[in-house]
Amino acid sequence: QEQLVESGGGLVQPGDSLRLSCVASGFTLDLYDIGWFRQAPGKEREGVSCIRSGAGSTYYAASVKGRFTISRDNAKNTVYLQMNSLEPEDTAVYYCAATRCGSSLIFGSWGQGTHVTVSS
């Protein structure tokens with residue numbers, strides 16, 4: 001069964017860092033663009049970052065550029081989202097999905113996500 005499982009969320013203070021993981025099973029993650037999305041309470045889901053298949057070009061939403069870094073470890077079939085200088089506005093459920101970078105459409109269905117709460 002093809003699936004992506006997110007992990008790594010938690011409760012942190014403003015300015016702290018977290019690294020989210022997105023582990024793929026049942027398919028080779030490197031063959032797809034993989035995006036990180038987030039949904040804050042009361043808001044629509046939005047794209048945060050994306051990494052292209054193959055060469056691995058990366059893209060970021062303006063709100064996270066310079067603070068978040070997306071990367072891929074093909075040996076572990078995993079995509080990471082390193083989040084630094086976290087802000088309360090980053091509080092959301094974070095999801096990863098196979099997608100086309102620049103699109104809000106995903107292949108398959110949304111997973112459970114991982115909760116990130118940034119609060120003092």
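Let me start with T69, which in this predicted model stands opposite Q82 of β8. That pair belongs to the place where β7 and β8 run antiparallel, joined by six bridges.

Stepping back from that pair of strands, you can see that β7 and β8 are part of an open sheet of four strands, in the order β1-β3-β8-β7, with antiparallel pairing. At the edges stand β1, covering 3-7, and β7, and each has a single partner strand, so one side of each is left without a neighbour in the sheet. On average, and with direction ignored, neighbouring strands here are turned by 15° against each other.

Now to the loops around β8. Most residues other than glycine have a negative phi, and yet N77, in the loop between β7 and β8, has a positive phi near 50°. On the other side, in the loop between β8 and β9, S85 also has a positive phi, near 50°. Are these two buried or exposed? N77 counts as buried because its relative accessibility is 18%, under the 20% limit for that word, whereas S85 is partly exposed, with a relative accessible area of 41%.

Finally, the interior. The largest nonpolar core holds 26 residues, and those with the most contacts inside it are W36, F68, V79, L81, M83 and Y94. Among the elements giving two or more residues to this core are β3, β4, β7 and β8. If you follow V79 and leave aside its neighbours within four places in sequence, you find it in contact with residues including L20, C22, I34, W36, I51 and I70.

Methods
Residues are numbered from 1 along each chain as its sequence is written. This is a predicted model: local features need pLDDT of at least 70, side-chain atom pairs count only at pLDDT 80 or more; totals for chains, interfaces and linings use all residues. Side-chain values use heavy atoms; hydrogens and water are left out. A nonpolar core is a set of buried Ala, Val, Leu, Ile, Met, Phe, Trp, Tyr and Cys residues joined through side-chain atoms within 4.5 Å. Buried means under 20% relative accessible area, exposed over 50%, partly exposed in between (1.4 Å probe, protein chains only). Contact means heavy atoms within 4.5 Å. Two strands pair if DSSP finds at least two bridges between them. Axes are lines fitted to C-alpha atoms, for helices over the stretch in contact, and angles run from 0 to 180 degrees between N-to-C directions.
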